[in-house]
Amino acid sequence: GSVAASGDRFAKFEKQPIEGRLFINGEFVESKAGKTFDITNPATEKKSASVYEAGVEDVDAAVAAAKAAFPAWAELSAGDRGDYLFKLADALEKRLDEMAYLDAISMGAPAHTSFLNPMALTALRYFAGRAWDTHGDSSLNTPGFVNITLRQPFGVTAGITPWNVPVAMVLFKMAPALITGNTIVIKTSEKSPLAPLIVAKCCQEIGLPKGVFNLINGFGRPTGEALAKHMDVRKISFTGSTLAGRAIKKAAAESNLKNVTLELGGKSPLVIFPDADLSKAVPAAAMSILMNSGQACIASSRVYVHADIADKFTEGMKNAMQEMGKSDDPLTSTTAMRGPQVDKLQFNRIMDFFAYAKEKSLDITIGGDRERDQGFYIAPTIISNAPEDSRVMKEEIFGPVVCINTFTDEDEVLKRANDTEYGLYASLFTRDISRALRVAKKMEAGSVGVNCSSPTMSFDMPFGGFKASGDGRELSRYATDYWTELKSVFIAL
Ligand code: NAD
């Protein structure tokens with residue numbers, strides 16, 4: 001049958017050894033202390049792989065390799081650097097199935113419907129094509145001078161990535177870092193380091209000069225912390241929780257004051273005005289909170305719907321979430337959009353939110369419990385009319401759990417939508433163009449969706465957060481600004 005046939009697509013990887021070493025100076029190596037840690041398949045709750053954990057001495061080795069590689073890499077033409085990234089994208093393209101398999105067995109992303117890795121390759125090619133576009137400008141505004149600005153690489157840079165989009169998060173940092181002439185050391189998340197190691201494999205395959213890209217596995221402490229504190233690392237780009245972002249900024253401040261870019265969490269509002277086209281708003285709202293099992297920094301987790309259409313909207317959401325939110329085994333199902341949550345820790349965190357909601361007698365409209373006896377599956381959940389100051393409205397849940405509240409007045413809903421420490425993504429549905437622009441302008445968020453919601457993004461548009469959701473931007477022509485130092489050169493005539 002078709003299921004068995006498509007099952008074979010990934011079955012071949014079950015017999016292949018899984019790479020779990022560190023990639024330092026162009027070679028796969030064991031960690032110096034020989035320490036390893038296990039990766040668990042969240043669908044089966046069984047061990048799926050074991051990987052080496054980089055200790056402080058391995059971080060030192062990776063940084064030293066990046067430092068040695070920097071001068072020659074920075075001297076290449078931008079086009080030559082871009083060409084390496086085009087080759088890398090082609091090599092990765094051949095391994096999309098393998099990466100989908102590795103994401104499935106480490107973080108539970110459905111392999112057959114995998115779309116985030118192909119998306120990441122488009123971003124990689126976007127940056128490769130932009131290699132020539134990083135440069136300074138000139139000024140004739142001072143009599144007797146021609147002044148110019150130079151955009152120069154930092155030197156050794158670092159990236160620390162989260163588990164929820166494992167390969168994309170690595171490429172979003174590596175690509176702009178490399179085209180601008182930096183070298184980099186990336187520490188991936190301890191929960192999903194497997195697919196990113198394929199990026200390292202492909203760097204080796206295409207002959208990327210040794211030490212330009214180094215990839216290490218490990219936890220926040222000691223591995224991530226050692227990178228954040230390292231005196232030879234001049235810039236660090238971090239994506240993850242606000243808590244860890246704070247620790248990294250502090251480590252940078254207390255070491256060499258390295259440049260820090262942060263992409264952090266969110267609690268994104270979605271406002272549905274009474275004139276909204278519900279046939280578009282409902283699926284957009286459901287997709288936003290279900291994508292990647294709700295494990296998205298940009299998920300629209302707080303929905304404000306106008307009281308006049310609230311019943312109709314909520315009824316639509318109940319159906320859409322149950323229909324679109326069907327979960328299944330990440331390796332065998334050819335249709336499921338959703339698998340289990342990444343691990344027991346995240347599963348328990350979400351179950352704690354449910355316990356809180358029950359204790360506070362909140363209205364759990366659908367879901368509010370686990371799904372299946374085995375695996376870290378969570379049922380698509382709607383919590384209605386929770387108080388604004390409740391934990392479910394304030395904290396990032398990172399699961400398929402949406403809060404739906406009602407409103408009647410534009411000013412009032414804007415105040416409530418903005419009443420959060422976060423500011424990553426906000427969206428609204430209305431047919432009134434003036435209202436759309438008025439509200440979009442006032443929303444405190446790095447990205448705003450009008451008649452659409454997250455995950456709507458575009459590689460040529462900057463991505464990042466207001467307020468505690470971050471500092472700096474990824475993607476677009478602005479991304480390279482964050483990977484270069486700006487130098488003013490004054491030339492007296
Ligand atoms: P996390 O903060 O727990 O971990 C992220 C990374 O930081 C991991 O590699 C981890 O090992 C490392 N880390 C943890 N503590 C550290 C420390 N003290 N020093 C150095 N490194 C440390 O986050 P997570 O659970 O992997 O990811 C989920 C979070 O990431 C959510 O809050 C989500 O919103 C956010 N996120 C943001 C974006 C964005 O672009 N804004 C994208 C994806 C995820």
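**Exercises on helix packing and nonpolar cores**

Helices α3 and α5 are roughly antiparallel to each other, in a model that is predicted.

**Exercise 1.** Work out why α3 and α5 are described as roughly antiparallel to each other, and then establish which residues make the contact.

*Solution.* Begin with the geometry: helix α3, residues 78–93, packs against helix α5, residues 116–129, at an angle of about 165 degrees, with their axes 8 Å apart. Next, apply the cut-off, under which angles over 145 degrees count as roughly antiparallel, and the two helices are therefore placed in that class. The sense of the crossing can then be added, since α3 passes α5 in a left-handed crossing. Finally, list the contact: α3 contributes Gly-82, Leu-85, Phe-86, Leu-88, Ala-89, Leu-92 and Glu-93, while α5 contributes Leu-121, Leu-124, Arg-125, Phe-127, Ala-128 and Gly-129.

**Exercise 2.** Starting from Leu-85, trace which residues it touches beyond four places away in sequence, and place Leu-85 within the largest nonpolar core.

*Solution.* First, leaving out residues up to four places away in sequence, Leu-85 touches Leu-124, Phe-127, Ala-128, Ala-175, Leu-178 and Ile-179. Second, the largest nonpolar core has 90 residues, of which Leu-85, Leu-124, Leu-171, Ala-175 and Ile-236 touch the most other members. Third, helix α6, residues 166–179, gives the most to this core, with 11 residues. Last, another core of 57 residues lies apart from it, and its members include Phe-273, Val-305, Val-401 and Ala-426.

**Exercise 3.** Describe the stretch that UniProt lists as the aldehyde dehydrogenase domain.

*Solution.* The unreviewed UniProt entry lists residues 28–489 for this domain; over residues 28–489 the chain is 38% helix and 21% strand, and the end C-alpha atoms are 42 Å apart.

Definitions and conventions:
Residues numbered from 1 in each chain as written. Predicted model: local features only at pLDDT ≥ 70, side-chain atom pairs only at ≥ 80, totals over all residues. UniProt positions renumbered as here; feature names shortened; annotations may be inferred. Helix = DSSP H or I, 4+ residues; strand = E, 2+ residues; numbered from the N terminus. Core = buried A, V, L, I, M, F, W, Y, C linked by C-beta atoms within 7 Å. Buried ≥ 20, exposed ≤ 12 C-beta atoms within 10 Å, placed from the backbone. Contact = placed C-beta atoms within 7 Å. Axes fitted to C-alpha atoms, helices over the stretch in contact; angles between N-to-C directions. Parallel < 35°, antiparallel > 145°, perpendicular 65-115°, else oblique. Left-handed = near helix turned anticlockwise from the far one by under 90°.
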